[in-house]
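Let's take a walk through the salt bridges of this protein, pair by pair. Have the sequence and the 3D view ready as you read.

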Amino acid sequence: MTQIVWLLILFSFVTNGHEISQQRFDSIPVESYNIKRENCVTKSVTSSRLSEVRNLFDKYNIDAYIITADDVHMHPGLSNIAKCDKRLQAVSGFSANFGIAVVTRTSAALWTDGRHFRQAEKETDCGWEIYRKGGPEAVTVTDWIIQKLQTIEGEKHVGSAPSYMNAVWWRNFDTVLSPSNIRLLPIDNDLVDQIWTDSRSVRPSKDLNSLDIKYAGRTWQQKVEDVRKEMTKKNVDVLVVTGVDEIAWLFNVRGKDFANKPYFYSFASIDKNSVSLYIIDSKSKLNKVPTDPESKQKLKDHLKTGADGKCTGECVQVMEYDHNQFALNIASLAEKSTGRIWLSYDCNYKLYSVIPKGKVYQAIPPTLYLKARKNFIERNGMRNSNLLDSVVIVEFFARLEKEILEGIPWTVHQAAEEAIKVRSRSLSLYRDQSFNTLSGSGHRGADFRYHPSAETDHDITTTEIFNQDSGGQYLDGTSDLTRTFHYGNATEHEKEMYTRVLMAHINLSNLKFPIGQTGRAIDAVSREPLWEVGVDYMHETGHGISHNGAVVEGPASISCIEETHMSDVKLDASLFGGDDNQLERLPDSADYPIDEHMCFTTEPGYYEEGYFGIRIENVMIVRKCKQKYNISSHHFLEFETVTFIPYEPKLINYDIMSQSEVDWMNSYHKEVWDKVSPLLKKKNNNIALEWLYKRVQPVSLHHNIHSFYGEDPKIEL
């Protein structure tokens, strides 16, 4: 059956995603959403801080206070909050970056998602109620507030810091609470900031380096020109940029303020006549000699500005990083401009509120969607970095299997650490891992978020499935790959589930689709082999991936159901009670059209709790494809795979695969051999060559898998 026909058949599954989601929730007991605190403890430090927050209620005439887990940038998709910004942890003990809390004079409650629900139970003080957001019986934040404040006569006041709350959230809270005579008050000087003065770390401020044009592909001046063209199309005078990923891309500058992401704390604005950048220790960083050997200029020379950050003409005016001053400057620009001010949907409420409502234009910013469409140099960089990354990981996987079969002990934590070391030792453009490696075997592998540590370590054996998800951060690109192995004899069930995940992986990799389709529209094609036997995976099939940046990039993703890897249900759809028709929705990345030159992962999986987990992942570049017929005006797209690591033949049941799926795998394996083997030969790595050779042999349906493991091949180096 052709892929386009599959799209039509499965469209009903896609459009009924909410119904699928609701059915899953209906099967979950109500108690899974509301934890009864029975064996909890009270910690003196966080308990004392909570009391200090309440002591400030009278000063601000409030009855409750909302505390978010965000900083001023909101960081969509980055999941990076500095220790100095963990206000929610400071008063509750809860350390995850995903949650929201409300404190009244006598009660305190915290909401988080399914990933962190049990973590909240373990970490949070006994005085807190804990709720899992979403689900049919789950208590919403607004319902909880209304219930707790109902005995107070007259107008009730709920405070929150506008700098730490998304503007869309703020407006939704106000919409739902106001009919109950509850007013949401902005408190600029956050209550937690006021009382949290002990043991608070400073904000990270690492060295900044310019990214050479041979890696960036376009100068920052060209990128600013591109952005201004988009502003003109929308009749916008000023663009406000708060996304640190967008700023690093726009100015071709990289830093290390965030773990595994080459970004730095910053704000920026662009108008018709000037460009402004706000960074920490601005004068010092502008004049510092580059610390990266591939960076050729001081920052002041790269940005064409003076030693003090002041300049005229085609340059970047550089100022000190200060959110309050940035807000004042944006307010001034808004007052002077006659046109609109462009804000991201992820903009905090403070910045939103300083602009007259008639001048606000809130939409996905051009810096985000232009960044996602890689230029020619960036695309070649992604190809090169992912190929070289594949080579060193092939070497590692070959050595790992050889030593395990020889009885040399390996643990998942050792394997995770080694995945970092082989990249850093071998590849000159490597700068960091692109995320904390996920590595697990047996029942640990069933948790697709599992990060091994010395405390939770366990052996890799010949009796359990082992999987590893890792990636590298390079000056010319970013990698993200997952492979699943078995070093003994897999069960028929394990083989079937691995094969179905492989089929799902191939279905998306081999898909051709019309320009303008979204990730939601094409995702069902990938899931079909798993849906066929009544199973699914509760994370997205693919996410955007940056060039020398965040491993998860917007504005698009590939997912067809309400649930994503970020949450059980969309966060902004599960915190607010009241009439849903009145609420605003943050854009869903699965509804953004997939376009040429974007980069994505494809990573379907299967996770059987208590037993094993399977995931297979490659990086792909979107490109136009040749069409057999050109009858209509529609152009079609396809994916170019740039990860080159073979699949695990011990886990494949060819009897359930189609001929087209086997053909794609054979073609892919030939490309893997053609690209990887010459580089292994140059390194004289016989072990890796033989390991690779066994796995890239062409197969046909009903082929006996044991022929893969007959006499060792004789390979001439």
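A good place to begin is Asp301: its relative accessibility is 34%, so this residue counts as partly exposed. The model you are looking at is a predicted one. In it, Asp301 pairs with Lys300 in a salt bridge, and their closest N and O atoms lie 3.2 Å apart. This pair belongs to a broader set, since searching the whole structure turns up 41 salt bridges.

Now move on to Arg373. Its salt-bridge partner is Asp595, with 2.9 Å between the closest N and O atoms. Arg373 sits in the loop between helix H17 (366–372) and helix H18 (376–405), while Asp595 sits in the loop between strand S24 (553–558) and strand S25 (599–602), so this contact ties together parts that are 222 residues apart in sequence. Are these two residues buried, exposed or partly exposed? Arg373 has a relative accessibility of 25% and therefore counts as partly exposed. Asp595, at 24%, is partly exposed too.

The loop between S24 and S25 deserves another look, as it also holds Asp588, which is linked to Arg520 in helix H21 (residues 519–531). These two residues are 68 residues apart, and their pairing connects distant parts of the chain. The salt bridge between Arg520 and Asp588 brings their closest N and O atoms to 2.6 Å. Here both Arg520 and Asp588 are buried.

Finally, which residues are joined into one network by salt bridges that share partners? They are Asp85, Arg87, Asp193, Arg200 and Arg203.

Technical notes: Residues are numbered from 1 along each chain as its sequence is written. This is a predicted model: local features need pLDDT of at least 70, side-chain atom pairs count only at pLDDT 80 or more; totals for chains, interfaces and linings use all residues. Side-chain values use heavy atoms; hydrogens and water are left out. A salt bridge is a side-chain nitrogen of Lys or Arg within 4 Å of a carboxyl oxygen of Asp or Glu. Buried means under 20% relative accessible area, exposed over 50%, partly exposed in between (1.4 Å probe, protein chains only). Helices (H or I, at least four residues) and strands (E, at least two) are DSSP runs, numbered from the N terminus.
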